[in-house]
Amino acid sequence: MKNLNVKDLVVTGLVLILSGVYSFSYSQKKSDQTLKKGDVKLEYNYPAAKSVKYLSDTKVVQDMDVNGQSMLVNISMTLGCQVKSIGNQGENLNLEISIDTMAQNVESPQGSAGGPISDVKGKIFNMVISPSGKIVDLSGASKIVYTVEGSGESTINQSFMNFFPVLPKNAVKEGDTWTSNDTLDSKAPANTIWMPVEANFKFEGIEKIDGIDCAKISAILSGTRKMTTQSQGMEIHTSGPFTGTQTLFFAVNEGYFIKQTVVSKMTGNIEIPDQNMSFPVVMTMTSTNEIVK
């Protein structure tokens with residue numbers, strides 16, 4: 001296979017698989033902690049009377065060496081949506097999600113490509129989350145299908161598996177720290193992601209964002225990414241360890257997150273078994289999901 005074809009293959013596969021990697025969220029381990037004076041209990045409580053608008057923006061820089069030739073790929077992805085409550089299911093929240101926009105753009109040695117993904121604009125689905133943000137039911141999102149040119153179909157559920165940052169189950173006070181271990185295990189028709197992560201959290205305290213009292217939670221992340229995608233009839237395996245940081249601002253009284261930022265860096269390898277090829281890759285990802293007017 002010529003180098004040009006290998007590069008096209010890798011770029012196409014990377015775009016598809018990264019369409020489902022927007023953020024991280026991990027749960028707090030259980031403890032015997034009870035609510036005390038000065039503690040803060042964080043829970044989701046989206047309003048029913050109005051929609052809360054979000055814009056998620058993810059930028060990926062991939063630097064790899066293909067047969068001795070340096071290759072730099074820049075990918076940007078955006079997802080805009082509105083969230084509102086449509087009632088409760090027991091103690092859980094039933095949310096209506098409306099997709100406003102979705103787009104992705106790629107810049108590589110092969111040129112620029114991408115643009116809006118019109119298949120999902122205006123689509124609406126329901127999902128159920130727990131008060132701490134854990135997904136209870138995301139089946140509605142799997143019915144919304146879109147196509148990435150050259151890579152086949154995908155579903156919107158991958159973009160919402162980690163959309164809502166998971167909150168600590170117990171009350172926290174300023175300075176509290178906790179560690180959790182969780183695994184993102186996502187399977188779609190054309191790609192899979194398996195990502196065990198350890199997260200070391202700290203509750204930094206209360207900060208005002210645009211006049212709103214927000215709980216600030218930071219985290220140090222470490223783990224491994226293993227991603228497989230189908231591109232042009234071949235499998236591409238991308239794997240390696242990563243480290244990162246996460247910062248969350250959650251509106252204490254309003255009951256929803258205001259902003260989350262995740263920055264991570266993976267150093268690993270890309271393998272194409274059918275071609276008996278392997279080459280190193282460094283992938284840097286910056287993702288921000290925040291409220292917009």
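These legends go with several close-up views of a predicted model.

**View 1. Two phenylalanine rings meet edge-to-face.**
Let's start with the aromatic rings, since a search of the whole structure turns up 13 aromatic pairs. A pair of aromatic rings is described by how far apart the centres are and by the angle of the planes. For Phe-125 and Phe-160, the numbers are 5.2 Å centre to centre and 75° between the planes, and the pair is edge-to-face. Where do these two sit in the chain? Phe-125 belongs to strand β5 (residues 124-129) and Phe-160 to helix α2 (residues 157-160), so this pair links distant parts of the chain, 35 residues apart. Are Phe-125 and Phe-160 buried or exposed? Both Phe-125 and Phe-160 are buried.

**View 2. Phe-163 and Phe-257 make another ring pair.**
Here the ring centres of Phe-163 and Phe-257 are 6.1 Å apart and the planes are at 70°, so this pair is edge-to-face. Check where each partner comes from: Phe-163 is in the loop between α2 and β9 (177-187), while Phe-257 is in strand β13. The pair therefore ties together parts that are 94 residues apart in sequence. Phe-163 is buried, and Phe-257 is buried too.

**View 3. Ring pairs join up into a cluster.**
Now follow the ring pairs from one residue to another. They link Tyr-44, Tyr-46, Tyr-54, Phe-125, Phe-160, Phe-163, Phe-164, Phe-250, Tyr-256 and Phe-257 into a cluster. You'll recognise the residues of the two earlier views here, with Phe-125, Phe-160, Phe-163 and Phe-257 among the members.

**View 4. A charge sits over a ring.**
This one has an arginine and a phenylalanine in it. The charged end of Arg-225 sits over the ring of Phe-242. How far is that charged end from the centre of the ring? The distance is 4.7 Å.

**View 5. The largest cavity has about 80 Å³ of space.**
Rolling a probe the size of a water molecule over the atoms shows where empty space is left. In this model there are four cavities of 30 Å³ or more, and the largest cavity holds about 80 Å³. Twelve residues line the largest cavity, and Val-166, Phe-201, Ile-217, Gln-246 and Leu-248 are the closest to its centre. Strands β11 (212-231) and β12 (234-251) each provide at least two lining residues, and the largest share, three residues, comes from β11. What sort of residues surround the space? By class, the lining of the largest cavity has ten nonpolar residues, two polar and no charged.

**View 6. The second largest pocket has about 350 Å³ of space.**
The second largest pocket holds about 350 Å³, and 15 residues line it, with Ile-212, Ile-258, Ile-291, Val-292 and Lys-293 closest to its centre. Which strands each supply at least two residues of this lining? They are β1 (52-66), β13 (256-272) and β14 (277-291). Of these, β13 gives the most, with three residues. Sorted by class, the lining of the second largest pocket has eight nonpolar residues, one polar and six charged.

**View 7. Two cysteines are buried, and there are zero disulfides.**
A disulfide is a covalent bond between the sulfur atoms of two cysteines. How many disulfides does the structure hold? The count is zero. Cys-81 counts as buried because its relative accessible area is 0%, under the 20% cut-off. Cys-214 is buried as well, with a relative accessible area of 0%.

**View 8. Ile-272 is tucked into strand β13 as a buried residue.**
Ile-272 lies in strand β13. Its relative accessibility is 0%, so Ile-272 counts as buried. Ile-272 and Thr-228 are 44 residues apart in sequence, and their C-alpha atoms are 10.0 Å apart in space.

**View 9. Two loop residues have a positive phi.**
Most residues other than glycine have a negative phi. Asp-210 is not a glycine, yet its phi is positive, at about 55°. Asn-276 also has a positive phi, near 55°, and is a residue other than glycine. Look for Asp-210 in the loop between β10 (191-209) and β11, and for Asn-276 in the loop between β13 and β14. Are these residues buried or exposed? Asp-210 is exposed, at 72% relative accessible area, and Asn-276 counts as exposed because its relative accessibility is 75%, over the 50% cut-off.

Notes
Residues numbered from 1 in each chain as written. Predicted model: local features only at pLDDT ≥ 70, side-chain atom pairs only at ≥ 80, totals over all residues. Heavy atoms only, no water. Disulfide = S-S within 2.5 Å. Buried < 20%, exposed > 50% of the residue type's maximum accessible area, 1.4 Å probe, protein only. 1 Å grid on protein atoms, 1.4 Å probe; cavity = no way out; pocket = protein on both sides within 12 Å on 5 of 7 lines; lining within 4 Å. Points joined across faces, edges and corners; volume = space filled by probe spheres on them. Helix = DSSP H or I, 4+ residues; strand = E, 2+ residues; numbered from the N terminus. Nonpolar A, V, L, I, M, F, W, Y, C, P; charged D, E, K, R; others polar. Phe/Tyr/Trp six-rings, centres within 6.5 Å; stacked < 30°, edge-to-face > 60°. Lys NZ or Arg CZ within 6 Å of the ring centre and 35° of its normal.
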